[in-house]
Amino acid sequence: QVQLVESGGGLVQAGGSLRLSCAASGRTFSSYDMAWFRQAPGKEREFVAQSWRGGGTPYYTDSVKGRFTISRDNAKNTVYLQMNSLKPEDTAIYYCAARPQGSTGTFPYWGQGTQVTVSS
């Protein structure tokens, strides 16, 4: 099992940037697919970006392509989400999620979330 702790959220003006971090416990971080999701008020949680455990091209939802970048540092057991050119519609609670090697589909491990608020 892995425990996830997000940080880096906050209040930023439209057009600004934030970098979210997600620190994972355990010694097998490199064997997990890692992803970011978000949930805006009154909306369902949605996928944002994914980093594959074996490397390869990250995957993004269309609305953040070209603005957000997911990256990971396996030596630090941390995954990041660099968010640039933020828009008010990016306002949400952002969650980090992990999926272990051998699993497909849903992500079983989640952090507690970090609030991102973008003012217009």
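Q: What makes the largest nonpolar core of this predicted model a core, and which residues have the most contacts inside it?
A: The largest nonpolar core has 28 residues, and those with the most contacts inside it are Met34, Trp36, Leu81, Met83 and Tyr94. Membership requires a buried residue of a listed nonpolar type, joined to others through side-chain atoms within 4.5 Å, so these residues are counted as one set by burial and by contact. As for the strands, S3, S4, S5 (46-51), S7, S8 (78-83), S9 and S11 (114-119) each supply at least two residues of this core. In soluble globular proteins, nonpolar side chains tend to be buried together.

Q: How do you know that S8 is mostly covered?
A: Of the 6 residues in S8, 5 are buried, where buried stands for a relative accessible area under 20%.

Q: Why are S3 and S8 called paired strands, and in which sense do they run?
A: Two strands pair if there are at least two bridges between them; S3 and S8 are joined by 6 bridges, so they meet the criterion, and they run antiparallel. One of the residue pairs is Arg19 with its bridge partner Gln82 in S8.

Q: What makes S7 and S8 a pair, and which residue in their hairpin takes a positive phi?
A: S7 and S8 pair in the antiparallel sense over 6 bridges, against a requirement of at least two. Ser71 has Tyr80 as its bridge partner in S8. The hairpin has 4 residues between the strands, and Asn77 takes a positive phi near 55° there.

Q: Why is the link between Cys22 and Cys96 called a disulfide?
A: The S to S distance is 2.1 Å, and the cut-off is 2.5 Å, so the pair of cysteine sulfur atoms qualifies. A search of the whole structure finds 1 disulfide. Cys22 lies in strand S3 (residues 18-24) and Cys96 in strand S9, 74 residues apart, so that the pair links distant parts of the chain.

Q: Why is the disulfide of Cys22 and Cys96 described by a handedness, and how do you know that the two residues are buried or exposed?
A: The torsion about the S-S bond of Cys22 and Cys96 is about -80°, so the disulfide is left-handed. Cys22 is at 0% relative accessibility and therefore counts as buried, and Cys96 is likewise buried, with a relative accessible area of 0%; the limit for this class is under 20%.

Q: Why do Arg99 and Asp33 count as a salt bridge, and what does the pair tie together?
A: Their side chains meet at 2.9 Å, N to O, and the cut-off is 4 Å, so the pair satisfies the rule. Arg99 lies in strand S9 (residues 92-100) and Asp33 in strand S4 (residues 32-39), so the pair ties together parts that are 66 residues apart in sequence. Both Arg99 and Asp33 are buried.

Q: How do you know that Lys65 and Asp62 form a salt bridge, and why do they fall into their accessibility classes?
A: The closest N and O atoms of Lys65 and Asp62 are 3.0 Å apart, within the 4 Å allowed. Lys65, at 48% relative accessibility, counts as partly exposed, whereas Asp62 has a relative accessible area of 59% and is therefore exposed, since the exposed class begins over 50%. Elsewhere, salt bridges that share partners join Arg38, Glu46, Arg67 and Asp90 into one network.

Q: What makes Arg38 and Glu46 a salt bridge, and how accessible is each residue?
A: The side chains of Arg38 and Glu46 meet at 2.6 Å, N to O, which is within 4 Å and therefore enough for the rule. Arg38 counts as buried at 6% relative accessibility, and Glu46 counts as partly exposed at 33%. By this rule the count comes to 6 salt bridges.

Q: Why is Arg67 called buried or exposed, and what does it touch?
A: Arg67 has a relative accessible area of 10% and is therefore buried, the limit being under 20%. Arg67 lies in the loop between strand S6 (59-60) and strand S7 (68-73). Not counting residues up to four places away in sequence, Arg67 touches Gln82, Met83, Asn84, Ser85, Leu86, Lys87 and Asp90. A polar atom of the Arg67 side chain also lies 2.9 Å from the backbone oxygen of Ser63.

Terms used:
Residues numbered from 1 in each chain as written. Predicted model: local features only at pLDDT ≥ 70, side-chain atom pairs only at ≥ 80, totals over all residues. Heavy atoms only, no water. Buried < 20%, exposed > 50% of the residue type's maximum accessible area, 1.4 Å probe, protein only. Contact = heavy atoms within 4.5 Å. Polar contact = N/O pair within 3.5 Å; in protein donor to acceptor, adjacent residues only side chain to side chain.
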